[in-house]
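Welcome! Let's go through this model together and ask, at each step, what stands behind the words used for it.

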Amino acid sequence: MNDPNGLVYLDGEYHLFYQHFPDSTVWGPMHWGHAVSNDLVSWQHLPIALYPDSLGYIFSGSAVVDHNNTSGLGRDGKPPLVALFTHHDPIGERSGSKTFQTQSIAYSNDEGRTWTKYAANPVLQNPGKKDFRDPKVIWDESRAQWVMTLAVYDRAEFYTSPNLIDWTYSGQFGIPGDDRLWECPDLFPIQVQGSEETKWILITSIQKGAPNGGTATSYFIGTFDGNQFIGDVSDQRWLDYGTDDYAFVTWSNLPASLDRRIGIGWMSNWDYAQVVPTNPWRSAMTLPRELKLYKTPTRYEIRTTPAPNLSELILSSQKMQPTRIRNEVILVDQPNRPLVHRIQLTLDRPEEGSVWVRLSNQSDEFLDVGFDQDKNEYYIDRTHAGAGDFYEGFASKHTGEIEIRNLCEMDIWIDHSSVELFADEGRCVMTELFFPSTPFDNVTLMADRDSVFVISNVISELRSIW
Ligand code: FRU
């Protein structure tokens, strides 16, 4: 699997569709796989929702509830669920044509259980652009129109529609002179915390040259004028500094969605997604995450935290007393039992040097998640974390920026082969995969200079989501 698709909330259910090739662990003819959850914590697999057809593979896209039945696809007075996706025609691609990606729709009249493709697909023809995909559609309440954001090579393009079927080009946003490929955009309004002010966020995933290599998800903050997003092209931010959070997009139709934005990313990187040593599965999603917009004295910024319900996964917790530590303290030691834990650490920033949490195993492998005061950055170092020879550069150290603060806060979610760091209340997020030869079964807190004051530390064991 790869990207999350068609994220939509309906009647108490969070739908998660995703790019899926059921016949192999490498990428192939894409389908939309389907899972649902009542709480974003426990998930149930459902049958494949969309299969490839004569127009091509089913690439990424979104889903909306058409409350006013603008499309006319509702039934018995009930609004339809409408999925909007890219048809990718592999024959057209091989023939050298430039018009092999078009936008199509499908609808469901039974809460997403079965889907019918619209008879007159595609609804948006390709104007002659090789990369023309991943429609993310929202209802623009104040102008009573649908807005589609598309990834078109090195930028986003916008289209508007009264009915999800007839689309008109309305504008674009990109970084002049920057030809990195954009994919999986998202556009939405969000209220600034503690104020009535609303800004618009344009998320875009970048397919090459992300801060720590390969692919990653970025965002811009700006406004929307009814036709296009307007923002500062020189202020591209990273939603996640780690190597393994791509194609992050958000749920539509959440109740009170203006002050609630929840999304999920694909936990991998196109640099090595197809060769990571997992069997028989390949790829997973990140934890679902909540985005909030804050205004600081100097700027607006998104802070990302794990979706609130996830604390339901906690089986048991231990709290450490505030203490001054030197060198190292063992936090978890459970020989040969894989770590599935959450570690919530709050420390005084060290005066100098680094402080980190080390996951390790009986095979002398380890992974460090830490903070470097000298460089003022968070980091994940998977240089010695096990398998890495499947991709040159996989076994390396990655860093994330942060502003100067007095405290150092790390909320670390550990699974068998992934770690998600939400640092400084979501100001710096890093998601990374790792593949130790035997399970990591020990967590130790370490510091390289003098001593560190631990203000609080909660260590929780987590249960499975299945
Ligand atoms: C992003 C992406 C999308 C495309 C899909 C194909 O990971 O390349 O642009 O729709 O994956 O699977």
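**Reading the model by its definitions**

Sorted by class, the lining of the largest cavity is made up of 6 nonpolar, 6 polar and 2 charged residues. Keep in mind that this is a predicted model.

Q: How many cavities of 30 Å³ or more are there, and what makes a space a cavity?
A: The structure holds 1 cavity of 30 Å³ or more. A space is called a cavity because a 1.4 Å probe fits there but cannot get out. The largest cavity takes in about 80 Å³ of space. It has 14 lining residues, and P4, G61, K136, P185 and V249 are the closest to its centre.

Q: Which strands supply at least two residues each of the lining of the largest cavity?
A: They are β1 (4–10), β5, β9, β13 (182–191) and β18 (246–250). β1 gives the most, with 4 residues.

Q: Which residues surround the ligand?
A: Around the ligand you will find N2, D3, Q19, W27, M30, F59, S60, R133, D134, E183, Y246 and W270. By class, this shell has 5 nonpolar, 3 polar and 4 charged residues. Two strands, β5 (57–65) and β9 (133–140), each supply at least two residues of the shell.

Q: What makes the approach of Q19 to the ligand a polar contact?
A: A polar side-chain atom of Q19 is 2.7 Å from an oxygen atom of the ligand. A polar contact is a pair of N or O atoms within 3.5 Å, so this pair counts as one. R133 also has a polar side-chain atom 2.7 Å from a ligand oxygen, and this pair therefore passes the 3.5 Å cut-off as well. For N2, a side-chain N or O atom lies 3.1 Å from an oxygen atom of the ligand, so that pair counts too.

Q: How much of the area that the ligand exposes when taken alone does the protein bury?
A: Taken alone, the ligand exposes 320 Å², and the protein buries 96% of that.

Q: Why is the pair of W27 and F59 called edge-to-face?
A: The ring centres of W27 and F59 are 5.8 Å apart, with 75 degrees between the planes. Centres within 6.5 Å make a pair, and planes over 60 degrees apart count as edge-to-face, so both tests are met. A search of the whole structure finds 26 aromatic pairs.

Q: Why does the pair of W27 and F59 tie together parts that are apart in sequence?
A: W27 lies in the loop between β2 (13–20) and β3 (31–37), while F59 is in strand β5, so the pair links parts 32 residues apart in sequence.

Q: Where are P122 and P280 found, and which peptide bonds there are cis?
A: P122 sits in the loop between β8 (116–117) and β9. The bond joining N121 and P122 is cis, with omega about -5 degrees. P280 is in the loop between β19 (261–266) and β20 (289–295), and the cis bond joining N279 and P280 has omega about 0 degrees.

Q: What is the phi value of L40, and where does L40 lie?
A: Phi of L40 is near 70 degrees, a positive value in a residue other than glycine. L40 lies in the loop between β3 and β4 (44–50).

Conventions
Residues numbered from 1 in each chain as written. Heavy atoms only, no water. Near = heavy atom within 4 Å. Polar contact = N/O pair within 3.5 Å; in protein donor to acceptor, adjacent residues only side chain to side chain. Areas by Shrake-Rupley, 256 points an atom, 1.4 Å probe, with all protein chains shown as cover. Nonpolar A, V, L, I, M, F, W, Y, C, P; charged D, E, K, R; others polar. 1 Å grid on protein atoms, 1.4 Å probe; cavity = no way out; pocket = protein on both sides within 12 Å on 5 of 7 lines; lining within 4 Å. Points joined across faces, edges and corners; volume = space filled by probe spheres on them. Phe/Tyr/Trp six-rings, centres within 6.5 Å; stacked < 30°, edge-to-face > 60°.
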